[in-house]
Amino acid sequence: MSAYGKPASFETPPEPIPEAQITRTLSADVAVVGEGLAGLCAALSARQAGAEVTIVTASARPVARGGSVFAAYSRIMAAHGMPRQNLDDFFLEEFAANSFQVDQRKWYALLDHSEEAMNWLADILEKEGLEVVLEDANEDDHHSPTWQPPGTHAFVGKGVTRAGTGMALAVAALEKTFLAVGGKVLHSTPAKYLEKRSGRVSAVVAQGPEGEYLRLKARKAIILATGDFSANREMMAKYCPQYAGEFTAAGDDYDVGFAVRGLYRGEGQQMALWAGAAWQRTWPCAVMIQGSRLGTSMPYGSHRGLRLNRRGERYCNEDMNGAYTAFTTLREPGGKAFAIWGANYARETVFRAHGGRRDGPDLTPEQVLAGWEDQAGKGQIVKGDTVEAVAEALGLPAAETLATVRRYNELCRAGKDTDFHKKPKYLQEIREAPFYGCSLSDRLFFTVLGGPRTNARMQVCDAEDEPIPGLWCVGSMVGDMYANCYNFRIPGQNYGACLTFGYLTGKRVMEN
Ligand SMILES: Cc1cc2nc3c(=O)[nH]c(=O)nc-3n(C[C@H](O)[C@H](O)[C@H](O)COP(=O)(O)OP(=O)(O)OC[C@H]3O[C@@H](n4cnc5c(N)ncnc54)[C@H](O)[C@@H]3O)c2cc1C
């Protein structure tokens, strides 16, 4: 229902395409709808389990963005000499951060099966000439909201060196492997709706590149893997109203890659609803957003020194990552926030690069200063000989800003933050020229997570939590996986879930 009690337009199923216009009928054991990481993992693992599999995808090629993929453990981590980690307490902290509104069964399934899934993927990618590496994580304090469990994997090779940017290589390798073992892919073929026979979801009707319609019958399962609904205004208004206005993309590019402000229109979610699925219980759906990384010292971080709002007031304990930064900044007047620091910050803080590898060195103070100089030259941050000059360049009120910096420096010298209780180790005075400053107001709106009610086996369920026979889903569209916000404490958790549940679901549909 819409906010006014009437069904939203996307809730009404479309009229079936007249039979005469459906010019082709194909069949397979398993039909996978969508060709991102989740769809590809499901398709390849089902194929390896002996199924005839066809992917029907609206995209002209496999779709990728970023490339950080979490697994709780792997042979890559073992090769680094890393012990298995116990994430039991951390998971409870995460459930609390999500107000206990997530489906714990899925989280523990990720914890317990991500190793097997990552080892499976690593074997495939290494055969295709890629290297699987570990991303750097911020592990300085387990009880800081910036702490990240190690286990974010990334793929490098063929010109990609930066960790967390290799997903396009991975999905290309997966598609190649899938085709080599007899899988089929129909590109540029958006699915329109699902058909049911005797209560079972039995076929998907899709439109091919020439406008023709086809019916793909699935003997065992249809696995939806169509990504998010961030570019559907009506769905956003209903399921994620708080951030609906931030996602402005049209959603008409099915190949959309590394883009912010909207991906897809939630067509898979709609098809599931029309086939009898209930919506997930968690409301609103969680958004994946990141705050500005300018002036940060840690992966997935934002500046952890002094932050001020546009009135020149300090407003928070700055010990938080980039996701939480985005949310706290949105609460300040005009959604604006700023950071100011001195050159001494480069020496007094340990700097690790975003996109760096686990075994890489810390950045030296000289590298950090050179980075700030470069950003100042490009106008991304400002630089001045005095704090007043930086405040002016940022458009902050001089007197209030100077008073706030003075107060912050007093707290740093005392080693005790009696205003916001930030840990002493994160208190660095703003002392040495040149001084730097930046706006923290830019936010990256990545995606929205969630969709039809889905059980921990990835079966799409009705309002009584009964699986709809024949219908499964994987990837970003899985219901009740995240709540509140995707907080980035487990970088690559979403792709980790795409991999793990894609891999498991492909095997399961054949066992079913
Ligand atoms: C800029 C950016 C960077 C990101 N980086 C990361 C990261 O590094 N790690 C991470 O964990 N997460 C990351 N994410 C989140 C990321 O989007 C998801 O994790 C991931 O892409 C979801 O994969 P998926 O397989 O569920 O869907 P997608 O990769 O979005 O794939 C959906 C597929 O379905 C197809 N499709 C859509 N509609 C239809 C239809 N009607 N019929 C048939 N096919 C259809 C699409 O064309 C596409 O092939 C990032 C997001 C953004 C925006």
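**Exercise 1. Polar contacts between the domains**

Find how many residue pairs are in polar contact across the interface of domain 1 and domain 2 in this predicted model.

*Solution.* Start with the cut-off: a polar contact needs a pair of N or O atoms within 3.5 Å. Applied across the interface of domain 1 and domain 2, with both residues at pLDDT 80 or more, the rule finds eleven residue pairs. Next, look at the side of domain 1 that touches domain 2: its residues comprise eight nonpolar, seven polar and six charged ones.

**Exercise 2. Salt bridges**

Work out how many salt bridges link domain 1 and domain 2, and look at the pair D136 and R352.

*Solution.* The cut-off here is 4 Å between a side-chain nitrogen of Lys or Arg and a carboxyl oxygen of Asp or Glu. Between domain 1 and domain 2 the count is three salt bridges. Now turn to D136 and R352: their side chains form a salt bridge, with N to O at 2.5 Å.

**Exercise 3. The domains and their shared surface**

Describe how the chain is divided, and how much area domain 1 and domain 2 bury between them.

*Solution.* First, place the domains: domain 1 covers 30–285 + 449–512, and domain 2 covers 292–353 + 362–442. Their C-alpha centres are 36 Å apart. The contact draws 21 residues from domain 1 and 15 residues from domain 2. Together the two domains bury about 1,500 Å², with 52% of it on carbon and sulfur atoms. On the domain 1 side, D136, P145 and T146 lose the most area to domain 2, together 30% of what that side buries.

**Exercise 4. Around the ligand**

Identify the residues that come nearest to the ligand, then check the polar distances of S59, E267 and N494.

*Solution.* Of the 36 residues around the ligand, the nearest are R65, Y254, E267, N494 and Y495. For E267, a polar side-chain atom lies 2.7 Å from a ligand nitrogen atom. For N494, a side-chain N or O atom is 2.7 Å from a ligand oxygen atom. For S59, a side-chain N or O atom is 3.0 Å from an oxygen atom of the ligand. Finally, consider cover: on its own the ligand has 990 Å² of accessible area, and the protein covers 97% of it.

How values were computed:
Residues numbered from 1 in each chain as written. Predicted model: local features only at pLDDT ≥ 70, side-chain atom pairs only at ≥ 80, totals over all residues. Heavy atoms only, no water. Domains from an automatic or database assignment. Contact = heavy atoms within 4.5 Å. Buried area = accessible area lost by both parts, 1.4 Å probe. Polar contact = N/O pair within 3.5 Å; in protein donor to acceptor, adjacent residues only side chain to side chain. Nonpolar A, V, L, I, M, F, W, Y, C, P; charged D, E, K, R; others polar. Near = heavy atom within 4 Å. Areas by Shrake-Rupley, 256 points an atom, 1.4 Å probe, with all protein chains shown as cover.
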